[in-house]
Amino acid sequence: MIGLLNLGSLMLGLIAWILPVVNLMRYKKHDHRNWVVLSIMSISACAISLCFQIFYNYHLVKIEDWSALMDTTGAVAFVAAVLLIVTIILNAITLIVYRDRTAK
């Protein structure tokens, strides 16, 4: 059951990247009402994904699997940073694009 945290983290990370891309692809259409909701959902999916990784690391500490922690912590930290940075950049681009569009 704990292994599902990694799968959930991966799926939520993909959702965090897909939602801003969908927002940007819908830019040409005239319906711009829910772009804020999709951006908030994207940031929330990123946060929950990172939270799942923290819970999984806590589980490894609790069962005292030090070798798994030592093997995976570096990669998890790097991937978490990439997920956060790309999510912020995609949502910032969405904010810039739609801010100019809704101001007109």
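## A buried tryptophan and its ring partners

W35 is buried, with a relative accessible area of 13%. This is a predicted model, so keep in mind that everything here describes a prediction. W35 sits in helix α2, and its ring has a partner: Y98. The centres of the two rings are 5.2 Å apart and their planes are at 5°, so W35 and Y98 count as a stacked pair. What does this pair link? It links distant parts of the chain, with W35 in helix α2 and Y98 in helix α3, 63 residues apart.

Y98 is itself buried, at 2% relative accessible area. How many aromatic pairs are there? The count comes to two. In the other one, the rings of Y27 and Y98 have their centres 5.8 Å apart and their planes at 85°, so this pair is edge-to-face. Y27 belongs to the loop between α1 and α2 while Y98 is in helix α3, so the pair ties together parts 71 residues apart in sequence. Y27 is partly exposed, with a relative accessible area of 24%. Put the pairs together and you get a cluster of Y27, W35 and Y98.

## Walking along helix α2

Now follow the helix that holds W35. Helix α2 covers residues 35-62, which makes 28 residues. From its first C-alpha to its last, α2 reaches 41 Å, close to the 40 Å expected at 1.5 Å a residue. Several of its residues are buried, among them W35, L38, S39, S42, A45 and C46. Further along, the buried list also includes S49, Q53, N57, H59 and L60.

I48 lies in α2 too, but I48 is partly exposed, with a relative accessible area of 40%. To get a feel for distances, try I48 and V37: they are eleven residues apart in sequence and 16 Å apart in space, C-alpha to C-alpha. Just after α2, E64 takes a positive phi of about 60°.

## Two cysteines, no bond

A disulfide is a covalent bond between the sulfur atoms of two cysteines. How many disulfides does the structure hold? It holds zero. C46 is in no disulfide, and the nearest cysteine sulfur, that of C51, is 11 Å away.

Why is there no bond between C51 and C46? The sulfur of C51 is 11 Å from the closest cysteine sulfur, in C46, and that is too far for a bond; the cut-off is 2.5 Å. Are these cysteines buried or partly exposed? C46 counts as buried because its relative accessibility is 3%, whereas C51 is partly exposed at 31%.

## A nonpolar patch on the surface

Finally, look at the outside. A nonpolar surface patch of about 1,200 Å² is made by M1, L4, L7, L10, M11, L14, W17, I18, V22, F78, V79 and V82. Which elements give two or more residues to the patch? They are α1 (4-25) and α3 (66-103). Helix α1 gives the most, with eight residues.

L7 makes a handy example to find on screen. This leucine is one of the patch residues and is found in helix α1. Is L7 buried or partly exposed? At 48% relative accessibility, L7 counts as partly exposed, because that value falls between the 20% cut-off for buried and the 50% cut-off for exposed.

Technical notes: Residues are numbered from 1 along each chain as its sequence is written. This is a predicted model: local features need pLDDT of at least 70, side-chain atom pairs count only at pLDDT 80 or more; totals for chains, interfaces and linings use all residues. Side-chain values use heavy atoms; hydrogens and water are left out. Patches are made of residues with over 30% relative accessible area and no salt bridge: like charges are joined within 9 Å, nonpolar side chains (Val, Leu, Ile, Met, Phe, Trp, Tyr) within 5 Å. Accessible areas come from the Shrake-Rupley method with a 1.4 Å probe; for residues, only the protein chains shown count as cover. A salt bridge is a side-chain nitrogen of Lys or Arg within 4 Å of a carboxyl oxygen of Asp or Glu. Helices (H or I, at least four residues) and strands (E, at least two) are DSSP runs, numbered from the N terminus. Buried means under 20% relative accessible area, exposed over 50%, partly exposed in between (1.4 Å probe, protein chains only). The expected span of a helix is 1.5 Å times one less than its number of residues. Rings of Phe, Tyr and Trp (its six-membered ring) pair if their centres lie within 6.5 Å; planes under 30 degrees apart count as stacked, over 60 as edge-to-face and the rest as tilted.
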